[in-house]
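Open the model in your viewer and keep the selection panel at hand. The stops below go from a single residue outward to the whole chain.

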Amino acid sequence: LRKMILMTKILSWNECTSVEVVGNKAYRLAVLKKAGYSVPDFKVIPPHHEVKLSSEIEEFAQKLISVRSGSLVSLPGLMTTFLNVSGAEVYEKIKLVQDSWSSPIMEEIKKELNVPTSLGTAVILQKMVPYSELLGAGVFSTIHPLSLE
């Protein structure tokens, strides 16, 4: 199989209108932000996009950001994530997140869960919340008790 590599495309949060394009995490962040919740600004590099030098990425990464994966299929805690990334290392971190989709352990997990390798993973670049503004933090998952979603 030959994988198509596209030039870097960077989507702003308000362009994250399709879960198929940006993955579940970025899409849900966009939904919350559009609904008025206080979600730190973020940008998304869709799956299969090659990372090239970009003034948009460099400008966005001037302050501390997180670099995270965002697949169409939820694989919490299995992909590479970086927090508090300085501007100069952002490209290396983006590449490491993209490469983690094809790591040997992820290949086994995708096979076990019947997740097509061709889906790829988006990369989410999100502003970190300054400690002085932090009232609480964490990651949680929940399932609706009736719909199991």
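Select Thr121 to begin. In this predicted model, Thr121 has a relative accessibility of 5%, so it counts as buried, the cut-off being under 20%. Thr121 sits in the loop between α4 (104-113) and β5 (122-127). Show its side chain and the backbone of Gly70: the Thr121 side chain reaches the backbone nitrogen of Gly70 at 3.1 Å. Next, display what surrounds Thr121. Leaving out residues up to four places away in sequence, Thr121 touches Pro46, Pro47, Ser69, Gly70, Ser71, Met79, Val97, Gln98 and Trp101.

Gly70 belongs to the next selection, β3 (65-70). How many of the 6 residues of β3 are buried? The count is 6 of the 6, so β3 is largely enclosed by the rest of the structure. In a regular strand, side chains alternate between the two faces of the sheet. Colour the two sides of β3 separately: Ile65, Val67 and Ser69 lie on one, Ser66, Arg68 and Gly70 on the other, and all of them are buried.

Now add the strands that pair with β3. β5 runs antiparallel to β3, and 6 bridges join them; Val67 has Leu125 of β5 as its bridge partner. β4 also pairs with β3 in the antiparallel sense, over 2 bridges, and here Ile65 is partnered by Val85 of β4.

Stay on Leu125 and show its contacts. Apart from neighbours within four places in sequence, Leu125 is in contact with Asp41, Phe42, Lys43, Ile45, Ile57, Phe60, Ile65, Ser66, Val67, Val90 and Ile94.

Then select Ile57, Ile65, Val67, Val90, Ile94 and Leu125 together: these have the most contacts inside the largest nonpolar core, which has 15 residues. At least two residues of this core come from each of α2 (55-60), β3, β4 (82-85), α3 (90-100) and β5. α3 gives the largest share, 4 residues. A second core, separate from this one, has 11 residues, including Leu11, Val44, Ala122 and Ile124.

Finally, zoom out to the whole chain. Its secondary structure comes to 4 helices and 5 strands, in the order β-α-β-α-β-β-α-α-β from the N terminus. Of its 149 residues, 36% count as buried. Of the contacts between residues at least 6 apart in sequence, 68% join residues at least 24 apart. Switch on the surface to end: the chain exposes about 9800 Å², with 57% supplied by carbon and sulfur atoms.

Technical notes: Residues are numbered from 1 along each chain as its sequence is written. This is a predicted model: local features need pLDDT of at least 70, side-chain atom pairs count only at pLDDT 80 or more; totals for chains, interfaces and linings use all residues. Side-chain values use heavy atoms; hydrogens and water are left out. Buried means under 20% relative accessible area, exposed over 50%, partly exposed in between (1.4 Å probe, protein chains only). A polar contact is a pair of N or O atoms within 3.5 Å; within protein, one must be able to donate a hydrogen and the other to accept it, and residues adjacent in sequence count only if both atoms are side-chain atoms. Contact means heavy atoms within 4.5 Å. A nonpolar core is a set of buried Ala, Val, Leu, Ile, Met, Phe, Trp, Tyr and Cys residues joined through side-chain atoms within 4.5 Å. Two strands pair if DSSP finds at least two bridges between them. Accessible areas come from the Shrake-Rupley method with a 1.4 Å probe; for residues, only the protein chains shown count as cover.
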